[in-house]
Amino acid sequence: MDPQWLKDSSGDVPDPERPLSDAHLWVWLNIPPGSSGVDFAVPIVRDQVTEPTESTRLAPTDDEAEPLPDGPVLTGTVLDKP
(Lines give C-alpha, C1' and ligand atoms only; values in the text may rest on other atoms or scores of the structure.)
Protein backbone atom coordinates (compact mmCIF):
# COMPACT_ATOMS: atom_id res chain seq x y z
CA MET A 1 0.00 0.00 0.00
CA ASP A 2 1.17 3.48 -0.74
CA PRO A 3 2.60 4.71 2.60
CA GLN A 4 1.56 8.34 2.10
CA TRP A 5 -2.02 7.35 1.24
CA LEU A 6 -2.25 5.25 4.41
CA LYS A 7 -0.85 8.05 6.56
CA ASP A 8 -3.17 10.62 4.96
CA SER A 9 -6.22 8.34 5.22
CA SER A 10 -5.70 6.92 8.69
CA GLY A 11 -3.06 8.94 10.51
CA ASP A 12 -1.18 5.67 11.10
CA VAL A 13 2.52 5.46 10.41
CA PRO A 14 3.01 2.90 7.63
CA ASP A 15 4.57 -0.37 8.81
CA PRO A 16 5.06 -3.13 6.21
CA GLU A 17 5.01 -5.75 8.99
CA ARG A 18 1.54 -4.74 10.24
CA PRO A 19 -1.54 -6.20 8.54
CA LEU A 20 -3.79 -3.57 7.02
CA SER A 21 -6.61 -4.90 9.20
CA ASP A 22 -4.70 -3.57 12.23
CA ALA A 23 -4.55 -0.03 10.80
CA HIS A 24 -7.11 2.49 11.98
CA LEU A 25 -8.37 3.07 8.48
CA TRP A 26 -11.74 4.63 7.77
CA VAL A 27 -12.74 5.75 4.31
CA TRP A 28 -15.78 7.72 3.31
CA LEU A 29 -17.70 6.93 0.15
CA ASN A 30 -20.63 8.88 -1.17
CA ILE A 31 -23.00 6.94 -3.40
CA PRO A 32 -25.34 9.49 -4.97
CA PRO A 33 -29.09 8.76 -4.97
CA GLY A 34 -30.06 6.75 -8.02
CA SER A 35 -26.54 5.36 -8.50
CA SER A 36 -25.86 1.67 -8.17
CA GLY A 37 -22.25 2.05 -7.05
CA VAL A 38 -18.98 3.94 -7.04
CA ASP A 39 -15.39 3.04 -7.80
CA PHE A 40 -13.09 2.71 -4.81
CA ALA A 41 -9.35 2.24 -5.22
CA VAL A 42 -6.69 1.61 -2.61
CA PRO A 43 -3.29 2.51 -4.04
CA ILE A 44 -0.73 -0.24 -3.63
CA VAL A 45 2.94 -0.37 -4.44
CA ARG A 46 4.78 -3.18 -6.14
CA ASP A 47 7.24 -5.06 -3.98
CA GLN A 48 9.14 -8.34 -4.13
CA VAL A 49 7.34 -9.91 -1.17
CA THR A 50 5.34 -13.06 -1.89
CA GLU A 51 2.08 -12.75 0.01
CA PRO A 52 -1.07 -14.83 0.27
CA THR A 53 -4.27 -13.58 -1.31
CA GLU A 54 -5.54 -10.58 0.61
CA SER A 55 -9.01 -9.14 0.76
CA THR A 56 -10.74 -5.99 1.89
CA ARG A 57 -14.10 -5.63 3.58
CA LEU A 58 -16.26 -2.52 3.57
CA ALA A 59 -19.31 -2.10 5.76
CA PRO A 60 -21.43 1.04 6.15
CA THR A 61 -21.42 2.62 9.60
CA ASP A 62 -23.07 5.53 11.33
CA ASP A 63 -21.27 8.67 12.53
CA GLU A 64 -20.16 6.78 15.65
CA ALA A 65 -18.55 3.99 13.56
CA GLU A 66 -21.26 1.51 14.54
CA PRO A 67 -22.41 -0.88 11.79
CA LEU A 68 -25.72 0.03 10.20
CA PRO A 69 -28.37 -2.62 10.79
CA ASP A 70 -29.00 -4.74 7.71
CA GLY A 71 -26.33 -2.79 5.81
CA PRO A 72 -24.52 -4.60 3.02
CA VAL A 73 -20.99 -5.85 3.58
CA LEU A 74 -18.83 -5.53 0.49
CA THR A 75 -15.72 -7.61 -0.04
CA GLY A 76 -13.01 -7.44 -2.63
CA THR A 77 -9.72 -9.07 -3.48
CA VAL A 78 -6.48 -7.09 -3.32
CA LEU A 79 -4.57 -7.56 -6.56
CA ASP A 80 -0.85 -7.07 -7.08
CA LYS A 81 0.03 -3.95 -8.98
CA PRO A 82 1.04 -4.87 -12.57
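Where in the chain is the place of Asp 12? In this predicted model, Asp 12 sits in the loop between helix 1 (3-10) and strand 1 (54-58).

The chain holds one helix and two strands. Along the sequence, these elements follow the pattern α-β-β. Measured out along the principal axes, the C-alpha atoms fill a box of roughly 40 × 25 × 20 Å.

Burial was examined next. The chain has 82 residues, and 5% of them count as buried. Asp 12 counts as buried, because its relative accessibility is 14% and the cut-off for burial is under 20%. Which residues are in contact with Asp 12, leaving aside its neighbours within four places in sequence? On the one side of the numbering, Asp 12 is in contact with Leu 6 and Lys 7. The other contacts of Asp 12 are with Arg 18, Asp 22, Ala 23 and His 24.

Contacts were also examined for the chain as a whole. Among contacts with a separation of 6 or more, 32% are accounted for by residues 24 or more positions apart.

The surface and the charges complete the description. The chain exposes about 7,100 Å². Carbon and sulfur atoms supply 52% of this exposed area. The side chains include 5 positive and 16 negative ones. The centres of the two charge sets lie 7 Å apart.

How values were computed. Residues are numbered from 1 along each chain as its sequence is written. This is a predicted model: local features need pLDDT of at least 70, side-chain atom pairs count only at pLDDT 80 or more; totals for chains, interfaces and linings use all residues. Side-chain values use heavy atoms; hydrogens and water are left out. Helices (H or I, at least four residues) and strands (E, at least two) are DSSP runs, numbered from the N terminus. Buried means under 20% relative accessible area, exposed over 50%, partly exposed in between (1.4 Å probe, protein chains only). Contact means heavy atoms within 4.5 Å. Accessible areas come from the Shrake-Rupley method with a 1.4 Å probe; for residues, only the protein chains shown count as cover. Lys and Arg count as positive and Asp and Glu as negative; His and the chain ends are not counted. The place of a charge is taken as NZ of Lys, CZ of Arg, CG of Asp or CD of Glu.
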